[in-house]
Amino acid sequence: MTNANADALAAPAPFFRHKAIAGLLALLFGWAGAHWWYLGRRYGWVLLLFSMMMIGTALRAEDWYKSPAFFLFLLPAIGSYIEAIVLCLMSDARFDARYNPNTARRSKTGWAPVLVAIVTLLLGVTVMVSGIAILVETTYRAMSGV
C-alpha cells in the first residue's frame with residue numbers, strides 16, 4: 001500500500017452539514033450542545049455537562065422552576081435559540097466556508113432554514129419572556145416576604 005492510499009484511508013471523508021439540520025438541532029437540543037456536535041466543534045460536551053448539572057440541581061428544589069439553577073439553565077437554552085437563528089440566516093457561502101470547507105458539495109438554501117428560524121424565534125421569545133416573568137415574580141415575592 002502506498003503512502004497516498006494509506007493517507008486516504010486514514011483521513012475521514014468530509015461530512016456535509018446542512019444549515020436547516022444545524023438550526024433544528026440548536027432549536028430542539030441546543031441546551032445539550034447537539035448542534036455543536038453536528039457542526040464538529042470541539043467542546044460540545046461542556047454545554048451538556050453544564051445543562052445537566054443545572055437541571056439536576058433545579059430538580060432538587062421544591063419549586064424547581066423558581067430555583068436559581070433553573071435560570072442558569074435558561075442561559076444556554078436561550079443562547080442556542082439565538083445561535084439557531086444565526087446559523088439558519090447565515091449566507092450559504094459563509095456557512096460552507098466555515099462548516100463545509102473540504103467538501104465539493106455546496107449548500108443550496110431553500111425555505112427550510114427560514115422556517116426553522118421563524119419557529120425558533122417564536123419559541124425562543126416565548127421561553128425568554130416566560131423566564132423573565134418567573135424571575136421577576138420570584139424576586140418580588142422574595143423581597144416583599146409574600
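**An all-helical predicted model**

Read from one end of the sequence to the other, the protein follows the pattern α-α-α-α-α-α-α. The model described here is predicted. It holds seven helices and zero strands. Of the 146 residues in the protein, 33% are buried. The protein exposes about 9500 Å², and carbon and sulfur atoms supply 70% of that area. Among contacts with a separation of 6 or more, 59% join residues that stand 24 or more positions apart.

Helix H7 comprises residues 112-144, and its length can be checked by simple arithmetic. At 1.5 Å a residue, its 33 residues should span 48 Å; the C-alpha atoms at its ends are 48 Å apart, which agrees with that expectation. After H7 comes Gly145, whose phi is positive, near 80°.

The buried residues in H7 are Pro113, Val116, Ala117, Thr120, Gly124, Gly131 and Thr138. Their spacing can be read against a general property of helices. An α-helix has 3.6 residues a turn, so residues three or four places apart point the same way. The cover over the buried residues of H7 includes helix H2, residues 19-29, and helix H5, residues 68-89.

Other positions in H7 are less enclosed. Met128 lies in this helix and has a relative accessibility of 34%, so it counts as partly exposed. The C-alpha atom of Met128 is 6.7 Å from that of Ile78, although the two residues are 50 residues apart along the chain. Leu135 also belongs to H7. With a relative accessible area of 41%, Leu135 is likewise partly exposed. Leu135 and Tyr65 are separated by 70 residues in sequence, and their C-alpha atoms are 9.2 Å apart in space.

The packing of H2 against H7 was examined next. Their axes are 8 Å apart and form an angle of about 15°. Angles under 35 degrees count as roughly parallel, and H2 and H7 are therefore roughly parallel to each other. H2 passes H7 in a left-handed crossing. On the H2 side, the residues that meet H7 are Lys19, Ala20, Gly23, Leu24 and Leu27; their partners in H7 are Ala112, Pro113, Val116, Val119, Thr120 and Leu123. Pro113, Val116 and Thr120, named among these partners, also appear among the buried residues of H7.

H2 packs against H5 as well. The axes of H2 and H5 come within 8 Å and cross at roughly 170°. That angle makes H2 roughly antiparallel to H5. The contact is made by Lys19, Ala22, Gly23, Ala26 and Leu27 of H2, together with Ser80, Tyr81, Ala84, Leu87 and Cys88 of H5. Lys19, Gly23 and Leu27 of H2 thus take part in this contact and also meet residues of H7.

H5 has a further partner in helix H4, which covers residues 44-58. The axes of H4 and H5 come within 8 Å and cross at roughly 155°. This angle makes H4 roughly antiparallel to H5, since angles over 145 degrees fall in that class. The crossing of H4 and H5 is left-handed. From H4, the residues Leu47, Phe50, Ser51, Met54, Ile55, Thr57 and Ala58 meet Ala69, Phe70, Leu72, Phe73 and Pro76 of H5.

Two residues of this pairing illustrate the contact from either side. Ala58, in H4, has a relative accessibility of 1% and so counts as buried, the limit being under 20%. Leaving aside neighbours within four places in sequence, Ala58 is in contact with Trp64, Ser67, Ala69 and Phe70. The C-alpha atoms of Ala58 and Ala69 are separated by 5.1 Å, and the two residues are 11 residues apart along the chain.

On the other side, Pro76 is located in H5. Its relative accessible area is 11%, and Pro76 is therefore buried. When residues up to four places away in sequence are not counted, Pro76 touches Trp31, Leu47, Phe50 and Ser51. Leu47, Phe50 and Ser51 are among the H4 residues that meet H5. The C-alpha atoms of Pro76 and Ala32 are separated by 8.3 Å, with their positions 44 residues apart along the chain counted as the distance apart.

Methods:
Residues are numbered from 1 along each chain as its sequence is written. This is a predicted model: local features need pLDDT of at least 70, side-chain atom pairs count only at pLDDT 80 or more; totals for chains, interfaces and linings use all residues. Side-chain values use heavy atoms; hydrogens and water are left out. Helices (H or I, at least four residues) and strands (E, at least two) are DSSP runs, numbered from the N terminus. The expected span of a helix is 1.5 Å times one less than its number of residues. Buried means under 20% relative accessible area, exposed over 50%, partly exposed in between (1.4 Å probe, protein chains only). Contact means heavy atoms within 4.5 Å. Accessible areas come from the Shrake-Rupley method with a 1.4 Å probe; for residues, only the protein chains shown count as cover. Axes are lines fitted to C-alpha atoms, for helices over the stretch in contact, and angles run from 0 to 180 degrees between N-to-C directions. Angles under 35 degrees count as roughly parallel, over 145 as roughly antiparallel, 65 to 115 as roughly perpendicular and the rest as oblique. A crossing is left-handed if the near helix is turned anticlockwise from the far one by less than a right angle, and right-handed if clockwise.
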